[in-house]
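Here is a short walk through this structure, section by section. Keep the 3D view open as you read.

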Protein chains: 2
Amino acid sequence: MSQPFDAPLSLGIMSSEIQPPATLGRRPRRGSGRVTLMDVAKVARVSAQTVSRVINSPDTVPAATVELVRSAIAQVGYVPNLLAGGLASGRSRLVAALVPAIGGPVFLQTIEALSQTLGRHGYQLMLGESGFDDADEAEVLQNLLSRRPDGIVLTRIVQSAAARAHLAASRVPVIETWDQTDDPVDMLIGFSHADAGSAVADYFCQRGFSHPALLTGDDPRAIRRGAAFETRLREHGLLAAGQGLPTVQVPAPAPLGSGRRGLADLLKAYPATDAVFCSTDMLALGVLIEAGERGLAVPRQLAVVGFGDLAFAADTAPGLTTVRIDGAGIGRLAAEWVIARVERRQIGPQSRDIGFELVRRGSA
Amino acid sequence: MSQPFDAPLSLGIMSSEIQPPATLGRRPRRGSGRVTLMDVAKVARVSAQTVSRVINSPDTVPAATVELVRSAIAQVGYVPNLLAGGLASGRSRLVAALVPAIGGPVFLQTIEALSQTLGRHGYQLMLGESGFDDADEAEVLQNLLSRRPDGIVLTRIVQSAAARAHLAASRVPVIETWDQTDDPVDMLIGFSHADAGSAVADYFCQRGFSHPALLTGDDPRAIRRGAAFETRLREHGLLAAGQGLPTVQVPAPAPLGSGRRGLADLLKAYPATDAVFCSTDMLALGVLIEAGERGLAVPRQLAVVGFGDLAFAADTAPGLTTVRIDGAGIGRLAAEWVIARVERRQIGPQSRDIGFELVRRGSA
DNA sequence: CTGAAAGCGCTAACAT
DNA sequence: ATGTTAGCGCTTTCAG
């Protein structure tokens with residue numbers, strides 16, 4: 001296994017290459033000095049083609065040749081250059097993913113599952129950050145596209161016309177995720193944020209809470225959940241005609257501290273509040289902690305519902321009732337769809353609603 | 001901005017190209033059908049080289065030409081192919097990062113800062129996952145290296161000889177981070193885990209706790225912190241001669257729930273425990289929650305110290321005393337060092353101890 | 001089953 | 001300031 005990879009190559013044969021046709025006494029261009037496919041070919045005394053075949057489709061080469069070439073590869077310490085391979089074949093084996101913020105815990109499971117599934121098939125993930133606003137969406141996309149990815153996975157619906165145009169022009173398989181739309185650029189894997197908001201409203205109604213409130217981050221999808229939540233509450237008669245939904249809005253990657261301060265603000269403005277829908281589990285955990293500090297009993301005096309069902313949600317005290325999204329499932333499926341497209345296998349269903357699930361635990 | 005990128009190209013000049021030298025009546029090879037540098041050159045009536053210069057070093061081209069070429073680029077909807085560019089120039093503008101697990105919150109800030117700093121300089125981050133054990137380290141590295149990154153950032157010290165050999169042979173700038181060693185592969189940005197463990201022991205001693213314990217994940221660095229913690233406690237006389245440190249060890253991406261169950265296990269085995277050093281903040285948060293459930297007053301009856309100073313640490317109740325690591329700083333610096341190397345600017349210091357800081361809050 | 005040639009789209013090195 | 005040529009390292013295409 002641990003060959004001395006930096007050993008001088010001492011190729012098995014002399015460089016009996018035909019000299020370049022001496023067009024004119026001109027221009028060199030030394031290579032990178034690294035081991036190439038040709039070096040392997042020389043040692044194995046086969047053509048570059050055969051080496052390429054051993055690497056990319058060993059089934060088409062007799063076992064003996066495969067063995068011969070493999071040992072030559074090990075001997076010279078060859079590492080394929082996928083930049084060159086990608087250029088020649090038109091398949092980079094690179095998949096781009098665009099997330100609002102790497103730091104946010106929400107898409108982490110999707111990214112992780114995506115990366116792992118891709119890796120298992122020989123593809124590599126390339127991560128790009130778009131920020132929460134749509135501003136540089138098109139620009140970041142261009143950067144990603146210039147790498148000629150074999151597919152691009154977005155954790156949002158593409159907004160700007162420019163970005164949509166770039167994507168369409170690139171002819172790269174595109175998967176929009178974590179949302180629904182009637183007009184996807186290409187493929188779609190997600191769920192309805194509006195339905196999720198409505199479901200929480202239904203639950204609050206069913207459990208008999210009379211003074212619901214909303215604590216939300218200011219990103220567009222959280223706001224859509226909140227809007228649907230409010231609408232449904234109104235339908236249930238939990239909101240009087242002229243009355244707005246008690247709401248506190250905090251900046252987007254909503255951390256625990258925003259949950260604590262958010263609850264404080266909420267209770268100051270609306271002391272009667274007896275149930276809060278938080279746009280992320282982190283926010284909800286902050287609310288749980290702040291409630292504890294204030295001696296408010298959860299869920300008796302204050303019910304709390306989160307969103308995401310992050311790893312910690314089951315272990316808070318009390319356990320967090322929350323909307324579970326199968327983030328890992330999204331990532332896995334996205335990887336499979338991209339690969340299926342690239343390898344010209346079935347196109348498969350172009351769109352999937354993976355739904356959500358209201359997980360009932362102690363907090364509501 | 002939003003040009004019709006898929007418009008037919010209708011190039012400004014006829015294809016008055018010299019026909020290929022007709023070696024023999026042979027072989028075509030249709031291109032990808034996409035817009036290339038040549039298409040832009042034809043429209044702008046300049047050479048490919050000039051277009052390349054406008055893109056890569058506009059300063060060396062007169063403003064008028066830049067303008068001309070830029071409008072041609074917009075007109076035909078050209079997106080550079082960095083696979084080809086990277087192959088030709090030997091600079092991929094790709095930087096690889098290897099993390100144990102994407103999902104873990106610990107390295108997130110490093111990855112985020114790395115990605116952002118790289119992006120600002122036109123580099124793209126490529127993420128690879130190594131897992132917590134050293135098993136496939138060499139293999140994952142090979143995959144990453146086959147993309148010919150301009151640099152590779154590791155959130156650990158490279159262990160296996162095979163991996164070290166691959167890295168050395170590749171001649172790629174390597175930055176090992178989040179640790180210290182006397183024998184780095186190349187560059188190093190980190191801190192001493194042993195010193196961090198000792199510092200917590202000193203703090204417990206200074207605050208007069210008499211029955212310290214350790215709750216740790218099973219990853220190697222957490223274990224090293226724990227070992228130094230124990231050693232220093234012993235030096236302080238807080239551990240009797242034959243007495244081992246009360247310890248509970250949990251599987252590596254230590255989640256909140258492990259903190260709760262870990263404390264329960266600890267108190268069952270060592271009821272006298274009055275101070276716990278947790279190997280991650282998540283674990284510590286779990287301990288805080290479990291202590292709350294048990295009616296244990298923190299820090300009076302139980303002191304808690306975490307590690308990482310994650311975003312939530314300041315807002316727990318009470319605030320979490322923890323060891324702060326400047327993860328974002330590591331990422332930023334790593335990006336700068338890689339870029340400096342690639343652009344042959346100063347090599348800069350090859351190694352940096354960024355230290356750590358014990359942040360005192362309410363929990364201890 | 002194996003090999004030779006051509007060329008993927010770009011940039012480095014020279015030439016003007 | 002701009003153009004010409006060769007070639008980065010690989011895979012496709014076609015021939016044997």
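## Where domains 2 and 3 meet

In this predicted model, domain 2 of chain A puts eight residues in contact with ten residues of domain 3 of chain A. On the domain 2 side, that patch is made up of five nonpolar, two polar and one charged residues. Taken over C-alpha atoms, the centres of these two domains of chain A sit 30 Å apart.

For orientation, chain A splits into domain 1 (9-89), domain 2 (91-191 + 328-355) and domain 3 (193-324). So, when you trace domain 2 in the viewer, remember to pick up both of its stretches, 91-191 and 328-355.

## The chain as a whole

Chain A has twelve helices and twelve strands. It runs to 364 residues, and 50% of them count as buried.

What about contacts across the sequence? Take the contacts in chain A between residues at least 6 apart in sequence: 69% of them join residues at least 24 apart.

## Two copies, one axis

Now bring in chain B. A turn of 180° with a shift of 0.0 Å along the axis lays chain A on chain B with an RMSD of 0.1 Å. That is how a two-fold axis relates two copies. Which residue of chain A comes closest to the rotation axis? That's Met126(A), with its C-alpha at 2.4 Å.

The contact between the chains uses 57 residues from chain A and 57 residues from chain B. On the chain A side, the elements giving two or more residues are helices H4 (82-89), H5 (108-120), H6 (137-145), H7 (161-170), H10 (256-269) and H11 (281-293), plus strand S2 (124-129). H7(A) gives the largest share, with seven residues. Sorted by class, the chain A side holds 28 nonpolar, 21 polar and eight charged residues. The copies meet through the same surface, because 98% of the interface residues of chain A are interface residues in chain B too.

## Strands that cross the interface

Strand S2(A) pairs with strand S2 (residues 124-129) of chain B, running antiparallel and joined by three bridges. To find the spot in the viewer, look for Leu125(A), which stands opposite Leu127(B) in S2(B).

Just past that strand in chain B, Ser130(B) lies in the loop between S2 and helix H6 (137-145). Is Ser130(B) buried or exposed? With 24 other C-beta atoms within 10 Å, Ser130(B) is buried; the cut-off for that is 20 or more. Leaving out residues up to four places away in sequence, Ser130(B) touches Leu98(B), Val99(B), Pro100(B), Asp136(B), Glu137(B) and Val140(B). Ile339(B) is 209 residues away from Ser130(B) in sequence, and their C-alpha atoms are 24 Å apart.

## Strand S5 and its partners

Strand S5 (residues 187-190) of chain A has partners in two other strands. It pairs in the parallel sense with strand S4 (residues 174-177) of chain A, over three bridges, and Glu176(A) has Leu188(A) as its bridge partner. Strand S11 (residues 351-353) of chain A is also joined to S5(A) by three bridges, again parallel. There, Ile189(A) is bridged to Arg352(A).

Which way do the residues of S5(A) point? Met187(A) and Ile189(A) go one way, Leu188(A) and Gly190(A) the other, and all of them are buried.

## Helix H10 and the loop after H11

H10(A) is as long as you'd expect: at 1.5 Å a residue its 14 residues should span 20 Å, and its end C-alpha atoms are indeed 20 Å apart. Its buried residues include Leu256(A), Gly257(A), Arg260(A), Leu263(A) and Leu267(A). The buried residues of H10(A) pack against strands S6 (212-217), S7 (247-250) and S8 (275-278), and against H11 of chain A.

Over in chain B, Gly295(B) is found in the loop between helix H11 (281-293) and strand S9 (303-308). Gly295(B) is exposed, as just 7 other C-beta atoms lie within 10 Å, where the cut-off for exposed is 12 or fewer. From Gly295(B) to Met187(B) is 108 residues in sequence and 48 Å in space, C-alpha to C-alpha.

Notes:
Residues numbered from 1 in each chain as written. Chains lettered and ligands numbered in written order. Predicted model: local features only at pLDDT ≥ 70, side-chain atom pairs only at ≥ 80, totals over all residues. Domains from an automatic or database assignment. Contact = placed C-beta atoms within 7 Å. Nonpolar A, V, L, I, M, F, W, Y, C, P; charged D, E, K, R; others polar. Least-squares fit on C-alpha atoms with pLDDT ≥ 70 in both. Helix = DSSP H or I, 4+ residues; strand = E, 2+ residues; numbered from the N terminus. Pairing = 2+ DSSP bridges. Expected span 1.5 Å × (residues − 1).
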